[in-house]
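User: Please take a close look at the aromatic rings and their surroundings, and then follow the strand pairing beside them. A connected account would be appreciated.

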Amino acid sequence: QVQLVESGGGLVQPGGSLSLSCAASGNIFMINGMRWYRQAPGKERELVAMRTSGGSTEYADSVKGRFTISRINAMNTVYLQMNSLQSEDTAVYYCNVVGYQTNREVFDAWGQGSQVTVSS
């Protein structure tokens, strides 16, 4: 099994910064992709940022230039640095990691969610 534990988030004023981290542990053989999603009240879950095993990254248009996804390979940890936060960024953020377990079975794991609130 693979487990994800998120940390970070909280309350920040508009224009401020926050960072989220997501640590993957368990029977991990290979990680193919790491993603951050968010879900605001009354809205569908949306993809915010993704990073492939090769290091390529993609971002939602709404966060380009403000958010950065990164990974520390040795620790199987993915980060989301969020700058210039706006009220529209208020949501629960979820990390998602996909890959292969040591028994070569595919895994698709989700973090528990982290609340990010942007408010003055």
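Analyst: A charge sits over a ring if NZ of Lys or CZ of Arg is within 6 Å of the ring centre and within 35 degrees of the ring normal. In this predicted model, Arg-104 lies over the face of Phe-29, at 3.6 Å from the ring centre. The ring of Trp-110 also has a charge above it: the charged end of Arg-45 sits there, 4.9 Å from the centre.

Trp-110 is also a member of the 1 aromatic pair that the structure holds. Its partner is Tyr-37, with the ring centres 5.1 Å apart and 45 degrees between the planes. The pair counts as tilted because that class covers planes that are neither under 30 degrees apart nor over 60. Distant parts of the chain are linked by this contact, since Tyr-37 belongs to strand 4 (residues 28-39) and Trp-110 to strand 10 (residues 106-110), 73 residues apart. Tyr-37 is buried, at a relative accessible area of 18%, whereas Trp-110 is partly exposed, at 36%.

The strand pairing can be followed from strand 11 (residues 114-118), where side chains alternate. Ser-114, Val-116 and Val-118 point to one face and are buried, while Gln-115 and Thr-117 point to the other face and are not buried. Strand 2 (residues 10-12) runs parallel to strand 11 and is joined to it by 3 bridges; Leu-11 stands opposite Thr-117. Strand 9 (residues 91-101) pairs with strand 11 in the antiparallel sense, over 3 bridges, and Tyr-93 stands opposite Ser-114.

How values were computed. Residues are numbered from 1 along each chain as its sequence is written. This is a predicted model: local features need pLDDT of at least 70, side-chain atom pairs count only at pLDDT 80 or more; totals for chains, interfaces and linings use all residues. Side-chain values use heavy atoms; hydrogens and water are left out. Rings of Phe, Tyr and Trp (its six-membered ring) pair if their centres lie within 6.5 Å; planes under 30 degrees apart count as stacked, over 60 as edge-to-face and the rest as tilted. Helices (H or I, at least four residues) and strands (E, at least two) are DSSP runs, numbered from the N terminus. Buried means under 20% relative accessible area, exposed over 50%, partly exposed in between (1.4 Å probe, protein chains only). Two strands pair if DSSP finds at least two bridges between them.
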